[in-house]
Amino acid sequence: MKKNIVYVFTGTGNSLKVAKDIAAVLSYCEIISMGSNIRYDLEEEYETIGFVFPTYYRGEPRKVREFIRLLNLQHNKNAYFYAVTTMGKYDGNTLSHIKKLLKGKGITLHYAKGLDMFSNYVISYDMRDTIAEETRQSEIDFEPILQDIKNRKTNKVGRIELLQEIAYKSLIRFVPEMDKYYSVSNDCNKCGICEKVCPVGNIGLDEVGYPYFKHHCEQCVACIQFCPKKAINYKDKTQSRKRYTHPAIKYTDLAALNGKVKSMNGGTKSASFSSTKKKSFFGIVSTPFAYIIWKVYRM
Ligand SMILES: Cc1cc2nc3c(=O)[nH]c(=O)nc-3n(C[C@H](O)[C@H](O)[C@H](O)COP(=O)(O)O)c2cc1C
Ligand code: SF4
Ligand code: SF4
């Protein structure tokens, strides 16, 4: 019996909800975190292989890119590959990036879609009061995507757009160390939830149980959003803002996902976190734009 696998990256649970719904319609489907520090060598053949993750700054999270880059897919070139990116509204070049990345590994991305879901970037804006309505709408929008994946539909992914690329490259390189601006207030009750929901192990707990950050952050905002005491904040921006997590996803779901780091089969190799210090063409070109884009950035 051939199996299915869906790789997921999530901060506030939107992408995990999508991954769970996909897994429920495909038989023998495993959900594996892309936040783990492990490289998977898929030695068995899979029928379908999916990637589900949020859009960040009109592109993919750094960790998703790194995970896919390191994924050994040589025994699975004939599988049906799909990607779903969950987003507030604009997925920019996200899916084109994934298509290109897979193409470089000799893999065809058969199907790719962006799905509007609740926009969770609390660092930039307050959370809306329309969680129930937006969740319902995203479920309606997701249904045809789910059927397409079930029926192995194919579609075309657009080209990479230059302006979106500049925006992405400008902002994504600041991400790992933005946790320097995170603080933990005295309201912290040392529950340890933030450490459990962090998809990339960027939070440690000190000897008395207070969290600290390790500077390989992905900006997924899970720690800010899931903290029951609103004790984690970014500069002075988020203290008075509301919090959001997907209504169907509990912190325990993320804790379980993040704990699942061992390889299903075959060998595993460590994939170290690399913060790219090398200046690419886009890095150089985009430097003067970065600050402006950051200031006007809205989703
Ligand atoms: C760092 C960051 C950047 C984001 N950038 C975008 C974006 O460029 N376009 C967009 O539509 N939504 C953006 N969002 C919103 C998320 O993509 C959206 O809420 C997503 O569904 C969250 O998925 P998750 O709950 O699985 O983490 C961003 C969120 C974060 C945390
Ligand atoms: S989730 Fe909040 S209250 Fe719990 S340990 Fe982390 S910062 Fe403290
Ligand atoms: S430290 Fe917080 S924002 Fe950064 S990756 Fe971990 S949970 Fe996400």
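## Parallel strands and crossovers

Strands β4 and β5 run parallel and are joined by seven bridges. This pairing belongs to a predicted model. Within β5, Thr85 is the bridge partner of Phe53. Between the two strands the chain passes through α2, forming a β-α-β crossover that is right-handed.

On β5 there is also a pairing with strand β6 (residues 111-116): six bridges join the two, and they too run parallel. Here Tyr82 stands opposite Tyr111 of β6. The chain travels from β5 to β6 by way of α3, and this β-α-β crossover is likewise right-handed. Strand β5 is mostly covered, with seven of its eight residues buried.

## Helix α2

Helix α2 spans residues 62-70, and its buried residues are Arg62, Lys63, Val64, Phe67 and Ile68. These buried positions pack against β4 (46-54), α3 (94-103) and α5 (162-172).

## Overall fold and nonpolar cores

The chain contains nine helices and 11 strands. Of its 299 residues, 40% count as buried. Among contacts with a separation of 6 or more, 81% are between residues 24 or more positions apart.

In soluble globular proteins, nonpolar side chains tend to be buried together. The largest nonpolar core of this model has 63 residues, of which Val8, Cys194 and Cys223 touch the most other members. A second core, separate from that one, consists of six residues, including Tyr56, Ala167, Leu171 and Ile172.

Leaving aside residues up to four places away in sequence, Val8 touches Ser15, Leu16, Ala19, Ile31, Ser33, Met34, Val52 and Phe53. Phe53, one of these contacts, is also the residue bridged to Thr85.

## Surroundings of ligand 1

Around ligand 1 there are 26 residues, and those that come nearest are Gly11, Asn14, Ser15, Pro54 and Gly88. Two elements, α1 (14-25) and β5 (80-87), each give two or more residues to this shell. By character, the shell comprises 11 nonpolar, 13 polar and two charged residues. Ser15, among the residues nearest to ligand 1, is also touched by Val8 of the largest nonpolar core.

## Surroundings of ligand 2

Ligand 2 has 13 residues around it, with Cys188, Cys191, Ile193, Cys194 and Cys227 coming nearest. This shell divides into nine nonpolar, two polar and two charged residues. Cys194 thus appears in two settings: it comes nearest to ligand 2 together with the residues just named, and it is one of the members of the largest nonpolar core that touch the most others.

Technical notes
Residues numbered from 1 in each chain as written. Chains lettered and ligands numbered in written order. Predicted model: local features only at pLDDT ≥ 70, side-chain atom pairs only at ≥ 80, totals over all residues. Near = placed C-beta within 6 Å. Helix = DSSP H or I, 4+ residues; strand = E, 2+ residues; numbered from the N terminus. Nonpolar A, V, L, I, M, F, W, Y, C, P; charged D, E, K, R; others polar. Core = buried A, V, L, I, M, F, W, Y, C linked by C-beta atoms within 7 Å. Buried ≥ 20, exposed ≤ 12 C-beta atoms within 10 Å, placed from the backbone. Contact = placed C-beta atoms within 7 Å. Pairing = 2+ DSSP bridges. Right-handed = clockwise from strand over helix to strand, strands pointing away.
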